[in-house]
Amino acid sequence: MNNLSYKDLLLSFPEYLILIKIRLFGISAKHALSAKRKFLRKYNLIELSLKFKNRYRISDNGKMYLRYRSRSFWKFAIPTIISIIALFGGYDVYTNPVLKELLESIASLFARIMEILGIGS
């Protein structure tokens, strides 16, 4: 599966957690080949480790999927957080100077993160 589209690949949350666990710790061949984890082989998300015998590690496809999923999450989360902060402004929460400064700094932090990630206009 050379042309894997990460937009079309939707793993469930437990499958996503398994992929993160494999990225951090690896997985033995016995567990990797079980029927519950057949999605790992189906989408070529794991490969045999060169360093350790009978161990699997995350493949380049798996790493790219995790990057895509993380970026996709931030594309949703950052504008939502900025909108909530703006909503606070509509309810005169900014009358408290400490809270106003805190919310403005959080908003500028997320705006900077959006610039770095290339999200938005």
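The exercises below work through a predicted model of one protein chain.

**Exercise 1. The chain as a whole**

How many helices and strands does the protein chain have, and which pattern do they follow along the sequence?

Solution.
- Step 1. Count the elements: the protein chain has five helices and three strands.
- Step 2. Put them in sequence order, which gives the pattern α-β-α-α-β-β-α-α.
- Step 3. Turn to burial: of the 121 residues in the protein chain, 26% are buried.
- Step 4. Turn to the surface: the protein chain exposes about 8,900 Å², and 60% of this comes from carbon and sulfur atoms.
- Step 5. Look at the contacts with a separation of 6 or more: 56% of them join residues 24 or more positions apart.

**Exercise 2. The length of helix α1**

What span should the residues of helix α1 have at 1.5 Å a residue?

Solution.
- Step 1. Helix α1 runs over residues 13-25, which is 13 residues.
- Step 2. The expected span is 1.5 Å times one less than the number of residues, so for helix α1 it is 18 Å.
- Step 3. The end C-alpha atoms of helix α1 are 18 Å apart, which agrees with the expected span.

**Exercise 3. The two sides of α1**

Which residues of α1 are buried, and which are exposed on the other side?

Solution.
- Step 1. Buried means under 20% relative accessible area; in α1 this holds for Y16, L19 and I22.
- Step 2. These buried residues cover an arc of only 120° around the axis, so they lie on the same side of α1.
- Step 3. An α-helix has 3.6 residues a turn, so residues three or four places apart point the same way.
- Step 4. On the other side of α1, the exposed residues are F13, P14, K21, L24 and F25.
- Step 5. The packing partners of the buried residues of α1 are β1 (27-28), α3 (38-42), β2 (46-48), β3 (55-58) and α4 (60-90).
- Step 6. Just after α1 comes G26, with a positive phi of about 80°.

**Exercise 4. Residue N44**

Where is N44 placed, and is its phi positive or negative?

Solution.
- Step 1. N44 is in the loop between α3 and β2.
- Step 2. The phi of N44 is positive, near 55°, although the residue is not glycine.
- Step 3. Most residues other than glycine have a negative phi.
- Step 4. N44 has 36% relative accessibility, so N44 counts as partly exposed.

**Exercise 5. Residue S72**

In which helix is S72?

Solution.
- Step 1. S72 is in helix α4.
- Step 2. S72 counts as partly exposed because its relative accessibility is 34%.
- Step 3. S72 and I119 are 47 residues apart in sequence, and their C-alpha atoms are 10.0 Å apart in space.

Notes:
Residues numbered from 1 in each chain as written. Predicted model: local features only at pLDDT ≥ 70, side-chain atom pairs only at ≥ 80, totals over all residues. Heavy atoms only, no water. Helix = DSSP H or I, 4+ residues; strand = E, 2+ residues; numbered from the N terminus. Buried < 20%, exposed > 50% of the residue type's maximum accessible area, 1.4 Å probe, protein only. Arc of directions from axis to C-beta. Contact = heavy atoms within 4.5 Å. Areas by Shrake-Rupley, 256 points an atom, 1.4 Å probe, with all protein chains shown as cover.
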